[in-house]
Structure formats: structure tokens, C-alpha cells
Amino acid sequence: MLSWPAPLLPTLPGTGPVLKVYDTARAEVVPTSPDRTARMYVCGITPYDATHLGHAATYLAFDLINRLWRDAGHAVHYVQNVTDIDDPLLERAERDGEDWVVLAMRETALFREDMTALRVLPPEDYVGAVEAIPGIVAQIERLLDAGLAYVLDDGSGDIYHDISQAPGFGSESRYDEQTMLGFFAERGGDPDRSGKRNRLDPLLWRGRREGEPSWAGPHGGDGRPGWHIECACIALDTIGMAFDVQGGGSDLVFPHHEYSAVHAEALTGTKPFAQAYVHAAMIGLDGEKMSKSRGNLVFVSKLRGEGTDPMAIRLALLSGHYRTDRAWTADLLTEAEGRLATWRRAVALDAGAPAGPVLHGLRERLTDDLDSPGAIALVDEWARQTLAGGADLEEEAPRVICDAVDALLGVDLGDCG
Ligand code: 5CA
Ligand code: ZN
């Protein structure tokens, strides 16, 4: 699929330190250790009701990772999918009497536009589930042939992964069986389907149903792919196993990331799928998670349409830590608009407070599990000192801070001193 245009990325003096992030599987903050090219897969949207501020917050968190690796001198192979065929997309198209393909195309286009406006670095591979189907089918055939997957015995043509043969199952989420069963039922799984070998076996392929789109499937059975195998195959195809970061929102910890990992590990006979599983917390509105099913959504495009500066949206979302569940409020945006105006006034001056310690501090804060609130506080303090004036102002400081805020936080401050 077409990705979106890349924003300019200023180069900063020196190089940043090693990035540390919280890995769900190890339940601790760990250093990342990429090769020359870091590899990251972030789960993309299911293209309807895009782009709400929860989506935006999650992609901004992984955009910081991308930026920090680049600042540390790495190239980054970034992959993102689009779940452009799945139950919820078909249900929405049905509800609205719309063609599901047109719905997916329109929402994906809007998402690209929002990501561009928010200055999110684009993925190198932006891959739709539909275009990945031939590869997914071949991989499911391999699981069937190895006896790791089975066709349900009820004539549906549905294919499941036999999780009792996946020794690593559970090591990503670390959940016990009861917890898994709860989330599985809540998030698209079918623990009570009869004929399955194990209640937690996930669907790999859904046999053709009347009125649903279908494609040629494993060993000739028509249908469409399951959700988790989609991400496993797209990642394997583009960045292979043992890549540095698998990312998404915390609602993907289980079942999605657990199953993507065990599918890929079963396919390759190697571990791990990803070296770190990183999850962004949920953005809520009025005390509830912002979600399509609840319908309590604030859209990036709606705010943009009202004339809100995308850089203020970006700053507002980054003013909270990515691992803290938090609410979107109008006050958050007002505060970010004020902050943006202050920073812009300060960087427009001919001289500013010394930039070196601020650049050092920004790198320290952000590489420590993406402490964006800490980083923002440093720029606030620099702007305060700069606007207060004084004897020790440096001529190059506004330019350096402007570039640092751009390269590391992704916030474009416009004309700089
Ligand atoms: N297509 C799948 C992933 S393969 C999917 O979960 N799509 S989604 O459109 O529902 O969500 C896209 C991304 O936004 C996911 O990473 C999801 O975890 C994240 N997300 C969804 N709702 C929120 C929220 N309220 N706050 C933060 N992140 C969210
Ligand atoms: Zn995914």
C-alpha cells in the first residue's frame, strides 16, 4: 500500500544514547539493542472510525521510538499493517449500507492525512491484509502440513492453530488461563465454539460464508484470514524474526500479540518473534476508554477541521506518559496551545539560554522509556529562561532547541532564531 510522506528530520549534534523501553513479556524496562538497522512492527488501524485520539497517541509513542533510534545513529525499518478485512470492518459497512472496500479506502486515506499532519514518520512497508492474503495462505498450509493446525470438523472450512503444541504460549502477556479466556471472549475470540481442540485455539482461516468476501484459501478452501496470522505473516515477510519492537495499544497485549508471536514461532521454529513487546496505554474520554464500539470518539480530522494546530494535538498527547491510561480533555489542548505559543516565541529570538544541557536532558528523558512529560518540562524551563533574558544567552541556542524539539519530539516550531 501507499505509505505517507516523510517530514524533514533535522540532524542534531552528537548522538543519542541507547533507548530503553518497557517490555510487557519481561515486565521491566530493558535496553533495546538494534543492529545498524532497527526493526519495528506496529499494529495498524482497522480502517473505520479513524483516526481518533487514542490511535494517534499510540502511533505517536512509536514515532518517538523511531526518532530516538535514528538519533542514536540507526536506520529504522518500520512496518505497519492495515487490517482491511475483518469482522468489525464488515459489520460497520453492513450497518451503514456501504461497500466495505470503499469504507476501508476512505478511512485509510484519512489516516494517512492525519499521520502526515501530526508529522509521524511513515512506515517503509505499509501493508494491507488483503494484499498479504496469498502469503498468509501459504503459511497456513505449512502449519496444516506440520500438524500444528487443523480444519474444524463441521463443514465450515474454519482452520485453527492447536495451541497445545505451542510451548511459548503465554510468555508475551504472562496471563493465567482464566484471564486469557476473559480477554479472548471479549476481543474477537471464540472460547465456546464446539469442535475446537482447546478453548484458546485461535482462528487462522474462516471458511467462506454466504454474503462475505472470500479468497482462494489453504488447500483450495475459500474464505478469509484470521486477524493474528495477518500480523505474524506481514512481519515475517518484511522484517523477519527477532525484530526489535512489536508495538500497539495495551488492548493488544492479549490475545493479538500473544497469538501473532506463537504463530510466527510455530512457522519458523525459532524464538522470539520480537525482542520487546511495547504497549501504549489507553486514551479515554469522560471516564471510559475511547473506542469505536463505545462511540465516544474525538477525531484528529475533526480537530484539524476546526483549525486546531496539529502540533498542539501532538504536544497535548505527548504531555502524558505513554504507559499511563489518561483522559483527553479540552483543557489538555488549551494547555498545549499555550505551550506551543510560548516555545515558538522563545525559539524565534536571536539568542537563548544554553542549549547543550537541554539537548542532553531531552535525550536522557526520552530514551528512559519515552519520558515525554519530563522532556517537555525541560523545554518549558528553557523557554522560561530564554524569555526572561539574561547575560548568558547563546546565539545558536534557539536553532539547536528548535531542531531538537523537531527531531526528537516531532514538533515543528516554525521560524527559528
Ligand atoms: N488493526 C488492529 C491491529 S492489527 C487494531 O487494533 N486496529 S484499531 O484500529 O482498533 O487500533 C489501532 C491501534 O490503536 C492499535 O494499536 C490499538 O491498540 C490502538 N488503540 C485503539 N484504541 C485506543 C485508545 N483508546 N487509546 C490508545 N490506543 C488505542
Ligand atoms: Zn496487529
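By class, how many nonpolar, polar and charged residues does the lining of the largest cavity have? Keep that in mind as we look around this predicted model.

**Stop 1: the cavity**

Rolling a probe the size of a water molecule over the atoms shows where empty space is left. Here, a search of the whole structure turns up one cavity of 30 Å³ or more. The space inside the largest cavity comes to about 50 Å³.

To see its walls, select Ala-57, Leu-60, Ala-61, Leu-64, Leu-317, Leu-318, Gly-320, Tyr-322, Arg-326, Leu-370 and Ser-372. Now you can settle the opening question: the lining has eight nonpolar, two polar and one charged residues.

Next, color helix 1 (53–71) and helix 9 (310–318), each of which supplies at least two residues of this lining. Helix 1 gives the most, with four residues.

**Stop 2: a pair of helices**

Two packed helices are described by the angle between their axes and the distance between the axes. Select residues 356–367, which form helix 11, and residues 397–409, which form helix 13. These two pack at an angle of about 10°, and their axes are 10 Å apart. Angles under 35 degrees count as roughly parallel, so helix 11 and helix 13 are roughly parallel to each other. Turn the view and you can follow helix 11 as it passes helix 13 in a right-handed crossing.

Finally, show the side chains where they meet. From helix 11, pick Val-358, Leu-359, Leu-362, Arg-363 and Leu-366; from helix 13, add Ile-401, Ala-404, Leu-408 and Leu-409. By class, this contact has eight nonpolar, no polar and one charged residues.

Technical notes:
Residues are numbered from 1 along each chain as its sequence is written. Chains are lettered from A and ligands numbered from 1 in the order in which they are written. This is a predicted model: local features need pLDDT of at least 70, side-chain atom pairs count only at pLDDT 80 or more; totals for chains, interfaces and linings use all residues. Side-chain values use heavy atoms; hydrogens and water are left out. On a 1 Å grid over the protein atoms alone, a cavity is a set of points where a 1.4 Å probe fits but cannot get out, and a pocket is an open set with protein on both sides within 12 Å along at least five of seven lines; lining residues have an atom within 4 Å of a point. Grid points are joined across faces, edges and corners, and a volume is the space filled by probe spheres set on the points. Ala, Val, Leu, Ile, Met, Phe, Trp, Tyr, Cys and Pro count as nonpolar, Asp, Glu, Lys and Arg as charged, and the others, Gly among them, as polar. Axes are lines fitted to C-alpha atoms, for helices over the stretch in contact, and angles run from 0 to 180 degrees between N-to-C directions. Angles under 35 degrees count as roughly parallel, over 145 as roughly antiparallel, 65 to 115 as roughly perpendicular and the rest as oblique. A crossing is left-handed if the near helix is turned anticlockwise from the far one by less than a right angle, and right-handed if clockwise. Contact means heavy atoms within 4.5 Å.
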